[in-house]
Amino acid sequence: MSNIQFDRIALIGIGLIGSSIAHDIKRLGIAKEVVISTRSAETLKRAEELKLGDRYTPSSAEAVKGADLVIVSVPVGASESVAKEIAAHLKPGAIVTDVGSTKASVIAQMQPHMPSNVYFIPGHPLAGTEKSGPDAGFPGLFKGRWCIFTPVPGTDETAIKTLRTFWETLGSRVDEMDPEHHDKVLAIVSHLPHLIAYNIVGTADDLETVTESEVIKYSASGFRDFTRLAASDPTMWRDVCLHNRDAILEMLSRFSEDLASLQRAIRWGDGDKIFELFTRTRAIRRSIVEAGQDVDVPDFGRHALDVKE
Ligand SMILES: NC(=O)C1=CN([C@@H]2O[C@H](COP(=O)(O)OP(=O)(O)OC[C@H]3O[C@@H](n4cnc5c(N)ncnc54)[C@H](O)[C@@H]3O)[C@@H](O)[C@H]2O)C=CC1
Ligand SMILES: O=C(O)C(=O)Cc1ccc(O)cc1
């Protein structure tokens with residue numbers, strides 16, 4: 001039994017993140033009842049087959065009725081339509097949160113529709129994989145991972161504390177920051193790496209017509225790591241690009257400048273410059289490893305199996 005329990009939790013969207021949350025709610029006994037809603041009938045049926053909740057409905061309005069906690073886990077571009085659908089049906093005093101990878105846009109899409117008698121607290125668990133859909137979720141995904149809240153100033157502290165306890169029960173560490181800062185930080189640490197991966201795999205694919213199957217045949221682990229990220233959900237990442245446009249463009253422009261500088265060093269044989277950069281970046285990796293933040297996907301898959309059912 002956990003140190004927090006809700007009478008009813010509504011999960012809107014039951015892909016990788018929604019289903020991982022569902023597994024943990026069940027495993028940890030965090031809700032007396034879990035109601036699941038998602039747009040596609042096929043996904044909803046699959047959620048039921050996987051026994052991810054107690055009730056299933058195609059209507060998000062129906063799902064949120066009487067729920068104390070509502071967690072929206074849909075691609076960020078669908079946030080406004082979900083907010084519009086659920087707004088009039090929310091229970092007074094309910095906490096409404098989301099898990100979207102971008103925050104300023106989600107707030108702009110959802111906040112205007114939220115009634116004044118509910119607590120809207122945007123959130124973002126920094127945990128995931130390249131997989132999507134209800135079969136991709138697993139218990140323990142959020143263990144040891146950060147969850148960032150970006151509440152609007154003046155949000156009720158008790159509601160924030162309740163949501164914090166929820167994520168801490170799932171094993172996460174919670175931080176708060178303003179949405180614009182979140183979007184800039186995530187642009188460099190998450191969004192840009194995905195874009196670089198999509199781009200390099202696309203370039204290799206274009207070259208494949210020249211080299212035939214060599215790209216796949218000789219792909220070393222470095223390239224394979226990129227293919228994992230580049231296999232991430234196209235809808236989700238299209239939405240991230242469109243909804244964190246300014247921060248991503250800013251980081252892409254910094255990245256392109258630095259890449260041009262590296263290109264120049266290679267062209268002019270400036271070994272010292274190349275060596276200095278590679279030495280600096282190696283130290284960063286070492287400090288991440290020392291801080292215990294180097295858990296990659298296979299590892300946290302293993303952690304997930306460690307959690308007690
Ligand atoms: N995949 C990842 O590693 C992470 C994703 N996120 C964020 O979590 C959110 C969900 O991502 P995933 O679970 O990976 O995606 P997913 O593709 O696995 O699942 C998305 C779910 O949303 C549903 N959906 C789509 N449009 C909808 C609508 N208009 N109304 C109701 N349901 C709708 C789909 O049917 C599906 O159940 C996204 O906002 C993403 O940015 C956050 C952290 C990590
Ligand atoms: O699969 C990976 O390596 C990820 O980086 C997962 C991820 C994707 C999107 C997020 O907003 C947070 C985490």
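The legends below describe an overview and three close-up views of a predicted protein model.

**Figure 1. Overview of the predicted model and its secondary structure.** The protein is built from 13 helices and nine strands, and its C-alpha atoms fill a box of roughly 65 × 40 × 35 Å when the box is taken along the principal axes. For 309 residues, a compact globule would have a radius of gyration near 19 Å, and the 21 Å of the protein agrees with this value. Buried residues account for 43% of the 309 residues, while the accessible surface comes to about 16600 Å², of which 55% belongs to carbon and sulfur atoms. If one considers the contacts between residues at least 6 apart in sequence, 76% of them join residues at least 24 apart. The protein carries 35 positive and 43 negative charges, and the mean positions of these two sets are 3 Å apart.

**Figure 2. Close-up of Asp68 in the loop between α3 and β4.** The loop that holds Asp68 runs between helix α3 (60-64) and strand β4 (69-72). Asp68 has a relative accessible area of 17%, and because buried means under 20%, this residue counts as buried. The side chain of Asp68 is joined to the side chain of Lys91 by a polar contact of 2.7 Å. When residues up to four places away in sequence are not counted, Asp68 touches Phe6, Asp7 and Arg8, as well as Lys91, Ala94 and Ile95.

**Figure 3. Close-up of Cys241 in helix α10.** Helix α10 covers residues 234-243, and Cys241 lies within this helix. The relative accessibility of Cys241 is 27%, which lies between the limits of 20% for buried and 50% for exposed, so the residue counts as partly exposed. Leaving aside residues up to four places away in sequence, Cys241 touches Leu195 and Ile248. Cys241 and Glu49 are 192 residues apart in sequence, and the distance between them in space is 33 Å, C-alpha to C-alpha.

**Figure 4. Close-up of Lys51 in the loop between α2 and β3.** Lys51 is found in the loop that runs between helix α2 (41-49) and strand β3 (55-57). The phi angle of Lys51 is near 55 degrees, which is a positive value in a residue other than glycine. Most residues other than glycine have a negative phi. With a relative accessibility of 56%, Lys51 counts as exposed, because exposed means over 50%.

Key:
Residues are numbered from 1 along each chain as its sequence is written. Chains are lettered from A and ligands numbered from 1 in the order in which they are written. This is a predicted model: local features need pLDDT of at least 70, side-chain atom pairs count only at pLDDT 80 or more; totals for chains, interfaces and linings use all residues. Side-chain values use heavy atoms; hydrogens and water are left out. Helices (H or I, at least four residues) and strands (E, at least two) are DSSP runs, numbered from the N terminus. The radius of gyration is taken over C-alpha atoms; the globule rule is 2.2 Å times the number of residues to the power 0.38. Buried means under 20% relative accessible area, exposed over 50%, partly exposed in between (1.4 Å probe, protein chains only). Contact means heavy atoms within 4.5 Å. Accessible areas come from the Shrake-Rupley method with a 1.4 Å probe; for residues, only the protein chains shown count as cover. Lys and Arg count as positive and Asp and Glu as negative; His and the chain ends are not counted. The place of a charge is taken as NZ of Lys, CZ of Arg, CG of Asp or CD of Glu. A polar contact is a pair of N or O atoms within 3.5 Å; within protein, one must be able to donate a hydrogen and the other to accept it, and residues adjacent in sequence count only if both atoms are side-chain atoms.
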